[in-house]
Amino acid sequence: MAAIALACSAAGIAQEVEFTEYNLDNGLEVILHQDNTAPVVTVGVMYHVGAKDEEEGRSGFAHFFEHLLFEGTKNIERGKWFDIVAANGGSNNANTTQDRTYYYETFPSNNLELGLWMESERMLHPVINEIGVETQNEVVKEEKRSRIDNAPYGKIIYSTGINKYVFNKHPYKNSIIGTMEDLDAAELEEFKAFFDKYYGPNNATLVVAGDIKINETKKMIEKYFAEIPKGNEVERVSVKEEPITETITATEYDSNIQIPAKLFVYRTPSMKNRDAYVLDMISSILTDGRSSRMYKKMVDEDKTALQVLAFPRSQEDYGTYVMGALALGETPLDTLAASMDEEIDKLQNELISEKEYQKLQNKFENRFVNSNSSISGIASSLATYNVLYGNTDLINEEIEIYRDITREDIKRVANQYLNENQRLELDYLPESEKE
């Protein structure tokens with residue numbers, strides 16, 4: 001045990017991520033991480049704009065721009081972005097959440113300057129025209145069909161069948177992918193205005209991680225980004241929700257499934273709140289692995305559930321906490337609900353055992369050690385902690401938050417957030433049961 005503890009400690013020390021952080025005059029935040037162990041570099045830009053920043057009736061814009069800004073620029077021919085990256089031995093991608101949009105390229109390190117130039121082109125010279133909008137409109141429609149409309153449990157995975165019940169005022173109630181009606185109705189000038197509003201350097205963080213030399217990289221960043229004009233100040237969403245005080249009941253139907261599911265969904269605090277970390281630990285207690293509480297009880301012992309789930313969806317303003325189970329055979333959904341309530345009751349009334357607590361701490365220690373095992377992962381983490389948490393140092397310090405969580409914290413948080421009158425109770429049924 002002592003040897004294992006020493007190895008874990010050494011791994012934790014080795015995991016520390018050193019970085020340099022500074023701002024350009026135009027407001028662009030820059031984070032550099034030097035790791036010369038492999039000739040690879042990731043260039044990423046995270047814009048502090050997501051689905052929650054969209055205007056009513058124009059949902060889906062942030063996700064749409066995730067696609068649209070690969071169309072081309074003043075100096076990159078339309079449709080050639082991916083060809084340029086591939087021809088230079090690289091890979092690239094982008095993703096959107098309710099709170100931010102992230103673009104990145106990973107190249108052999110001798111192509112660092114190319115990556116910086118391409119991201120500066122995306123920020124300064126994007127071509128936003130009718131043909132690009134029409135092309136990406138079809139791409140987004142196909143993505144919606146494949147990921148949500150025609151995917152089993154798609155409305156759970158992407159929250160389109162959940163958030164509309166849990167949020168009344170906050171734009172988290174809308175889906176990230178938006179509605180096709182909104183995108184079809186939007187005019188070209190509206191897309192241009194959305195870019196001008198949110199994609200300036202003062203609403204972005206540039207991360208460069210990998211096989212770099214700090215001073216040389218700073219010179220390249222100055223060359224390609226310093227002259228980009230500062231955008232307007234972005235007004236942050238500040239919508240406050242009233243607490244949920246009565247159980248919300250709802251039913252959603254899915255034509256892609258045959259096995260019904262029962263879900264409990266709770267509205268929870270911001271990802272920056274310490275209690276969000278406690279809820280993360282509660283998820284592990286309930287459903288992380290075959291020895292977890294809900295799995296042992298509902299899948300192994302009672303054989304009422306085919307599968308169980310419990311996870312927090314952490315977001316900048318509010319989060320959600322989802323618990324659920326897929327029915328095995330003819331098990332009534334009320335039976336699944338009763339079993340989940342039993343597990344919640346145990347957390348609210350009994351401290352977890354010291355043995356279970358130590359196992360939990362070991363899991364999170366191991367997760368921390370493995371969390372930044374790739375250069376692209378480190379780049380994404382640095383950007384996320386900077387943009388959404390306002391504290392880049394969390395890449396090294398976050399584990400201390402988990403270490404500081406006590407058994408009493410777990411009991412307190414279960415009592416504070418996981419109550420019957422604070423949740424959505426959702427029956428998720430096959431379309432065939434609609435009648």
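The following questions and answers concern a predicted model.

User: In what order do the six strands of the open sheet lie?
Analyst: The pairing in this sheet is mixed, and the twist averages 15° from one strand to the next. The six strands lie in the order β1-β2-β6-β3-β5-β4.

User: Which strands stand at the edges, and why is one side of each left without a neighbour in the sheet?
Analyst: A strand with a single partner strand has one side left without a neighbour in the sheet, and two strands are in this position. They are β1 (20–23) and β4 (91–96).

User: Which residue in β5 is the bridge partner of Y47?
Analyst: Strand β3 covers residues 40–47 and β5 covers residues 101–108. The two run antiparallel and are joined by eight bridges. For Y47, the bridge partner in β5 is T101.

User: At about what angle to β6 does helix α15 run?
Analyst: Helix α15 (residues 375–389) lies across β1, β2, β3, β5 and β6. Relative to β6 (204–210), the helix runs at about 150°.

User: Why are the buried residues of α9 on the same side of the helix, and what arc do they cover?
Analyst: The buried residues of α9 (residues 188–198) are L188, F191, F194, F195 and Y198. They lie on the same side of α9 because the arc they cover around the axis is only 125°.

User: Which exposed residues does the face of α9 turned away from its buried side carry?
Analyst: The buried residues of α9 pack against β3, α2, α4, α5 and α8. The face turned away from that buried side carries the exposed residues E189 and D196.

User: Are F61 and F191 stacked or edge-to-face?
Analyst: A search of the whole structure finds 22 aromatic pairs. The rings of F61 and F191 have their centres 4.6 Å apart and their planes at 5°. Planes under 30 degrees apart count as stacked, so the F61 and F191 pair is stacked.

User: How many residues apart in sequence are the parts that the F61 and F191 pair ties together?
Analyst: F61 is buried, with a relative accessible area of 3%, and F191 is buried at 1% relative accessibility. F61 lies in helix α2 and F191 in helix α9, so the pair ties together parts whose separation in sequence is 130 residues.

User: Which helix gives the most to the largest nonpolar core?
Analyst: This core has 59 residues, of which I282, Y321, M323, I410 and L418 touch the most other members. Among the residues that I410 touches are V278, I282 and L347. With nine residues, the helix that gives the most to the core is α15.

Notes: Residues numbered from 1 in each chain as written. Predicted model: local features only at pLDDT ≥ 70, side-chain atom pairs only at ≥ 80, totals over all residues. Heavy atoms only, no water. Pairing = 2+ DSSP bridges. Helix = DSSP H or I, 4+ residues; strand = E, 2+ residues; numbered from the N terminus. Axes fitted to C-alpha atoms, helices over the stretch in contact; angles between N-to-C directions. Contact = heavy atoms within 4.5 Å. Buried < 20%, exposed > 50% of the residue type's maximum accessible area, 1.4 Å probe, protein only. Arc of directions from axis to C-beta. Core = buried A, V, L, I, M, F, W, Y, C linked by side-chain atoms within 4.5 Å. Phe/Tyr/Trp six-rings, centres within 6.5 Å; stacked < 30°, edge-to-face > 60°. Lists of a residue's contacts leave out its neighbours within four places in sequence.
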